[in-house]
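Visitor: Hi! I have a structure open and would like to be walked through it.
Guide: Happy to help, let's put it up.

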Amino acid sequence: MEGQTVTPAQRRAPLLEEMQALGERGIDCRSCCGLCCTHAANSMRITRQEALDMQAALIAEQRWTEELFERLQRTVSRYRLDQEPGDGRRIFRKTYTCPFFKDQTLGCSIPATHKPYGCLAFNANVPGQKRGGNCSSDAELLERVQESDAERLPIPLALLALRE
């Protein structure tokens with residue numbers, strides 16, 4: 001996909017196809033507690049384009065509101081996402097609970113058609129996952145669809161940057 005103009009929907013297509021193929025084999029996240037979306041494991045960083053895709057879904061669902069911005073800011077503050085520790089040579093990624101993780105009903109409140117690529121590429125490896133553990137990212141597929149040199153921010157920071 002490099003070197004040619006590719007829409008976000010085209011980038012997501014292989015990821016969604018792989019998720020569907022896994023689901024047809026009973027390998028999905030439906031019965032899992034969503035540990036990968038919490039501060040125990042989540043350090044998802046997204047590009048501006050991925051943030052724009054999420055923003056489009058949030059606007060369409062009338063969720064691009066002050067209430068959302070407050071929740072995003074609480075996540076930034078709670079996990080200190082605006083402070084990136086490092087050793088001068090690299091930045092250490094911080095974990096955080098995604099503000100779109102629905103702990104009551106589990107799962108993500110962002111439609112798959114607008115989810116970050118990294119979220120779509122991270123799947124269970126065997127059927128019946130309940131507490132994660134046997135899950136991983138399809139790094140090869142993700143590398144094919146992602147913009148390799150784009151700057152990435154934690155989801156709440158990337159969305160708050162679009163507010164201004």
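Guide: We'll go through cysteines, pockets, a cavity, aromatic rings and a few single residues in this predicted model.

Visitor: Great. How many disulfides does the structure hold?

Guide: Zero. Take Cys36: it is in no disulfide, and the nearest cysteine sulfur is that of Cys37, 4.0 Å away. A disulfide needs two cysteine sulfur atoms within 2.5 Å.

Visitor: What about Cys98, why is there no bond to Cys108?

Guide: The closest cysteine sulfur to that of Cys98 is in Cys108, but they are 5.8 Å apart, so that is too far for a bond.

Visitor: Are those cysteines buried or exposed? I mean Cys98 and Cys36.

Guide: Cys98 is buried, with a relative accessible area of 12%. Cys36 counts as partly exposed, at 33% relative accessibility.

Visitor: Okay, new topic. How much space lies in the largest pocket?

Guide: About 1100 Å³. It has 43 lining residues, and Cys36 is back again: along with Cys37, Cys119, Leu120 and Phe122, it lies nearest the centre.

Visitor: Which elements give two or more residues to that lining?

Guide: Two helices and two strands do: α1 (8-24) and α4 (117-121), then β2 (122-124) and β3 (135-137).

Visitor: And how does the lining of the largest pocket split by class?

Guide: There are 27 nonpolar residues, 10 polar and six charged.

Visitor: What is the volume of the second largest pocket?

Guide: About 200 Å³. It is lined by 11 residues, and those closest to its centre are Thr75, Arg78, Tyr79, Thr97 and our earlier friend Cys98. By class, that lining has four nonpolar, three polar and four charged residues.

Visitor: Now the closed spaces. How many cavities of 30 Å³ or more are there?

Guide: One. The largest cavity holds about 60 Å³ of space.

Visitor: Which residues line the largest cavity?

Guide: Ser43, Met44, Arg45, Leu81, Glu84, Phe92, Arg93, Lys94, Tyr96 and Pro154. Five of the lining residues are nonpolar, one is polar and four are charged.

Visitor: Let's talk rings. How many aromatic pairs does the structure hold?

Guide: Just one pair. It joins Trp64 and Phe69, with ring centres 5.0 Å apart.

Visitor: And why is the pair of Trp64 and Phe69 called edge-to-face?

Guide: Their planes sit at 85°, and over 60 degrees counts as edge-to-face. Phe69 is also buried, with a relative accessible area of 6%.

Visitor: I clicked on Arg12. Where is it?

Guide: Arg12 is in helix α1. It is buried, with a relative accessible area of 1%.

Visitor: Which residues is Arg12 in contact with, leaving aside neighbours within four places in sequence?

Guide: The contacts are Asp53, Ala112, Thr113, His114, Lys115, Tyr117 and Leu120. You met Leu120 before, among the residues nearest the centre of the largest pocket.

Visitor: Last one: which residue has a positive phi of about 55°?

Guide: That's Gln62, although it is not a glycine. Most residues other than glycine have a negative phi. Gln62 is found in the loop between α2 (48-60) and α3 (66-79), and at 70% relative accessibility it counts as exposed.

Visitor: What about Arg80, what is its phi?

Guide: Arg80 has a positive phi too, of about 50°, and is not a glycine either. Look for Arg80 in the loop between α3 and α4.

How values were computed
Residues numbered from 1 in each chain as written. Predicted model: local features only at pLDDT ≥ 70, side-chain atom pairs only at ≥ 80, totals over all residues. Heavy atoms only, no water. Buried < 20%, exposed > 50% of the residue type's maximum accessible area, 1.4 Å probe, protein only. 1 Å grid on protein atoms, 1.4 Å probe; cavity = no way out; pocket = protein on both sides within 12 Å on 5 of 7 lines; lining within 4 Å. Points joined across faces, edges and corners; volume = space filled by probe spheres on them. Helix = DSSP H or I, 4+ residues; strand = E, 2+ residues; numbered from the N terminus. Nonpolar A, V, L, I, M, F, W, Y, C, P; charged D, E, K, R; others polar. Phe/Tyr/Trp six-rings, centres within 6.5 Å; stacked < 30°, edge-to-face > 60°. Contact = heavy atoms within 4.5 Å.
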